Amino acid sequence: MKKLGFGLMRLPVLDSNDPSKIDIPQAEKMVDKFLERGFTYFDTAYMYHDFKSEETAKKIIVDRHPRDSFTLTTKLPTMMLKTKEDNRRIFEKQLKNCGVDYFDYYLLHNLNVSNYETATKLDCFDFVARMKEEGKIKTVGFSYHDDAKLLDRILTEHPEIEIVQLQINYLDWDNPGIQSRLCYETAVKHGKKVIVMEPVKGGTLAKIPDEAEKLLKQYAPDASIPSWAVRFAASHDSVMTVLSGMSTYEQLLDNTGYMENFKPLSKEEFEIIDKVVDIIKASITVPCTGCSYCTAGCPKHIPIPKYFALYNEEMRARYKDFSIHSQYYENLAKEYGKASDCIKCRKCEKACPQHIKVSELMPQIAKAFE
């Protein structure tokens, strides 16, 4: 399998205010070129494009191409499940939506501390295992948005899981809130292949500071800025494929162009990426270095550096209609204090080597995420 997957989450639309109005002719053109260039992996989900993505996958892929010419992935929406019966009801509807008899890959969607509890309580793992036995699923996995500690627990408790979909990009690689590197290393430890989502961080790494862009263009004048992000994710050995939510034919031509004969980043290119990360971090809202001196005496047990890391990324986010950083914030807030719990005792400020006015920033973080 080539290391580029087509994510059907940001398809071209006729109305930017209505994600359900998909530009079918342009989407068909994109699918045809994707397959023509030897790529086969398509990823959708139950609620993408206002619940129209799966039906669109049927129109633009399944109805127009032989079943053995592509692989199709969708996901069980753990965040929407109320009863055990919902597992089968939604799964059967997804088969009908997509017009297929089986899914090549089927993932439990968006596992985190809350959704893992739901998946366990409602026997989701047992259900997908039965569907695999019946031949309706070829490969079982889950997509994941939480820390490495919980990921290790899930993979230990469910060794039958075959693949994991993780948020990996060069900006989140060492981010203490998202923990891309630690999650990747955890999956590798358990012998799992990884599917990468958000390699360009929702478009954030397509538009980077001018100084960083100049650095990339000096080394490779003809390479697009997003290509560096996709190649970074694909350059890790246990990555099976990297998803790109392509919205235009031009984006598809660019992505498939440099990924058709993929070459991993060289040592020199990784070093350039490190410099780009430093430039981006220098432009961040809160200059927190993540030393965690502030957390030791916090009476409300607020994970201050992790909230700062998420807040910085939220401020940089290109798309504000959906915040994945809020998801990570909610995960942390279940175990630690919320930003709104801050009582302005200022113990953290006395301990901070960067002299950050933490008590003034906590209300802003609460406003952003709560």
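Contact, as the word is used in these legends, means heavy atoms within 4.5 Å. With that in hand, welcome to a tour of this predicted model.

**View 1. The whole chain, with its 16 helices and eight strands.**
Start with the overall picture. The C-alpha atoms fill a box of roughly 65 × 55 × 40 Å along the principal axes. A compact globule of 370 residues would have a radius of gyration near 21 Å, and the chain agrees because its own value is 21 Å. Of the 370 residues, 54% count as buried. Look also at how the chain folds back on itself: among contacts between residues at least 6 apart in sequence, 76% join residues at least 24 apart.

**View 2. The surface and charges of the chain.**
The accessible surface comes to about 16600 Å², and 49% of it belongs to carbon and sulfur atoms. There are 52 positive and 54 negative side chains, with the centres of the two sets 3 Å apart.

**View 3. Helix 10, residues 225–234, and its surroundings.**
Why is this helix described as largely enclosed by the rest of the structure? Nine of its 10 residues are buried, so the surrounding structure covers most of helix 10. Among the buried residues are Trp228, Arg231 and Phe232. To find the packing partners, look for strand 1 (4–7), strand 7 (193–197) and strand 8 (239–244). The buried residues of helix 10 also pack against helix 9 (210–219), helix 11 (249–259) and helix 12 (267–282).

**View 4. Tyrosine 184 in helix 8, residues 180–189.**
Is tyrosine 184 buried or exposed? With a relative accessible area of 8%, tyrosine 184 falls under the 20% cut-off and is therefore buried. Not counting residues up to four places away in sequence, tyrosine 184 touches Leu166, Ile168, Trp173, Val194, His236, Asp237, Ser238 and Val239. One of these partners, valine 194, is 10 residues away in sequence, and the two C-alpha atoms are 7.5 Å apart.

**View 5. Asparagine 312 in helix 13, residues 304–316.**
Here is another buried residue: asparagine 312 has a relative accessible area of 4%. What does the side chain of asparagine 312 reach at 2.7 Å? The answer is the backbone nitrogen of valine 286. Leaving aside neighbours within four places in sequence, asparagine 312 is in contact with Ile284, Thr285 and Val286.

How values were computed. Residues numbered from 1 in each chain as written. Predicted model: local features only at pLDDT ≥ 70, side-chain atom pairs only at ≥ 80, totals over all residues. Heavy atoms only, no water. Helix = DSSP H or I, 4+ residues; strand = E, 2+ residues; numbered from the N terminus. Rg over C-alpha atoms; globule rule 2.2 N^0.38 Å. Buried < 20%, exposed > 50% of the residue type's maximum accessible area, 1.4 Å probe, protein only. Areas by Shrake-Rupley, 256 points an atom, 1.4 Å probe, with all protein chains shown as cover. Lys, Arg positive; Asp, Glu negative; His and termini not counted. Charge placed at Lys NZ, Arg CZ, Asp CG, Glu CD. Polar contact = N/O pair within 3.5 Å; in protein donor to acceptor, adjacent residues only side chain to side chain.
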